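The following exercises concern strand pairing and helix packing. Each task is followed by a worked solution.

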Amino acid sequence: MNVAVIGKGGREHAIVKMLANARSVKNIFAIPGNAGMREICEVMYRVDEDDFDAIAGICIEKQVDWVIIGDAKPLSLGLADFLTDEYGLTVFGPRKKEAQMETSKSFTKNLLKKYNIPTAEFQVFVNYDAAESYIKTAVPPYVIKKDGLTEGKGVVIIHSVEEGLDALKILGEPSKDGEMEPLIFEEYLEGEEFSLMVMVNEEYTHTFEVIAQDHKSAFGKNKGPNTGGMGAYAPVTHISEAVRQEAIEKIIEPTALAMVKEGLSYFGVLYLGAMLTDDGVKVLEYNARFGDPEAQVLLSMIDSDFASILEHVQKKQPMKIDWKEGYTVGVMLATAGYPFEYKRGIGISFTDEVMDRSFISGLAQTEEGDYISSGGRMMLVTGTGMTIKEALQAAYGCVDKIEFDKDEIFYRTDIAHRAMLTN
């Protein structure tokens with residue numbers, strides 16, 4: 001079969017690598033792809049993710065059998081609807097209405113509340129003055145979240161009135177009449193955070209057998225602002241199988257059935273960001289695509305044919321995903337200033353061996369073939385081992401082989417610290 005992968009980040013790089021190992025996949029087309037994919041597929045780097053006509057044209061010309069939409073933006077714009085309705089293409093990725101599970105936190109929170117699915121208590125504000133009044137009387141800690149897509153950066157944990165008012169100024173952006181895009185004020189949940197990827201086709205679900213854990217804060221010891229993710233590891237062995245089953249039975253399966261009852265026809269990946277609290281597992285968020293950087297770690301651990309997995313989901317057939325033994329750790333390199341800003345054109349140098357163990361997120365190549373920064377998060381460097389310690393040593397050992405200016409590029413040195421405390 002021929003497959004088109006829509007997106008240009010590390011998540012899509014991981015999907016392309018998986019497809020390259022699938023027996024039934026003949027040709028892979030990355031739209032627009034990135035510098036790390038050029039050796040393993042055909043990269044359509046001149047086509048933007050929101051150029052629906054150009055994407056459709058490529059899919060028809062190349063006789064594409066499957067389209068996999070990796071990034072949230074084209075999902076939010078309705079690319080799945082367009083390719084399916086206008087051209088009859090098979091698209092793995094939810095339609096615009098179903099993608100609201102990620103593109104509108106208020107939509108998701110109201111769905112969870114309606115069907116009694118465990119999540120943090122919340123209020124939604126669309127008026128700036130009303131939100132400001134609430135902040136002045138609210139008891140911290142609590143969380144303020146923007147409603148729409150924020151690439152993991154629209155979440156602020158509030159510890160004081162001053163912090164709340166500052167966050168409101170940044171996230172609120174009122175119009176002249178005081179109305180603003182919805183902001184969710186949410187109960188702060190204490191506990192252990194983890195990630196589960198779920199393959200969904202309406203009421204059918206298959207939850208990954210392996211749990212991952214990412215690291216959202218920019219700096220070590222969970223300091224600094226929220227980011228799109230500064231690293232991840234799997235499996236998370238200190239979170240039990242019983243907890244995963246609880247998430248499936250009380251959250252994932254009820255969510256799939258709730259969507260069906262609401263007239264939604266979800267086909268794609270549903271990423272569950274969950275918190276294990278003293279009161280059980282609760283939903284932190286849903287994303288309508290693979291998590292990044294969790295996808296890079298998890299997909300590289302799958303020992304099954306990825307194309308076969310997709311076909312089982314399409315046909316709603318039971319399946320078992322085979323997983324490689326051991327652990328995988330991923331460390332993200334980012335440009336100084338991220339997540340608030342980043343510099344383009346920062347040089348970085350590494351060998352083919354490092355590239356084989358990495359997933360590119362924000363790197364471009366010059367005409368001379370040198371790698372330079374083109375985004376805040378540049379690349380996820382991975383390591384594997386039979387123990388978490390071995391995997392960590394392999395990942396950071398690989399980072400040590402990369403040449404870069406430490407004043408221009410940074411990374412966290414404490415990835416998988418929770419795993420190290422329990423192993």
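Two strands pair if DSSP finds at least two bridges between them; strands (E, at least two residues) and helices (H or I, at least four) are DSSP runs, numbered from the N terminus. This is a predicted model, in which local features need pLDDT of at least 70, side-chain atom pairs count only at pLDDT 80 or more, and totals for chains, interfaces and linings use all residues. Residues are numbered from 1 along each chain as its sequence is written, and side-chain values use heavy atoms, leaving out hydrogens and water.

**Exercise 1.** Describe the pairing of β10 and β11, then place both strands in their sheet.

*Solution.* Step 1: β10 (residues 192-201) pairs with β11 over 4 bridges, in the antiparallel sense. Step 2: T205 in β11 is the bridge partner of V200. Step 3: the open sheet has 4 strands in the order β11-β10-β16-β17, with antiparallel pairing. Step 4: β11 (204-207) and β17 (280-287) are the edge strands, each pairing on one side only.

**Exercise 2.** State how helices α1 and α10 are oriented to each other, and name the residues in contact.

*Solution.* Step 1: α1 (residues 10-20) and α10 (residues 294-301) pack with axes 8 Å apart, at an angle of about 10°. Axes are lines fitted to C-alpha atoms, for helices over the stretch in contact, and angles run from 0 to 180 degrees between N-to-C directions. Step 2: the two helices, α1 and α10, are therefore roughly parallel (angles under 35 degrees). Step 3: contact (heavy atoms within 4.5 Å) involves G10, R11, A14, I15 and M18 of α1 with A295, Q296 and L299 of α10.

How values were computed
Parallel < 35°, antiparallel > 145°, perpendicular 65-115°, else oblique.
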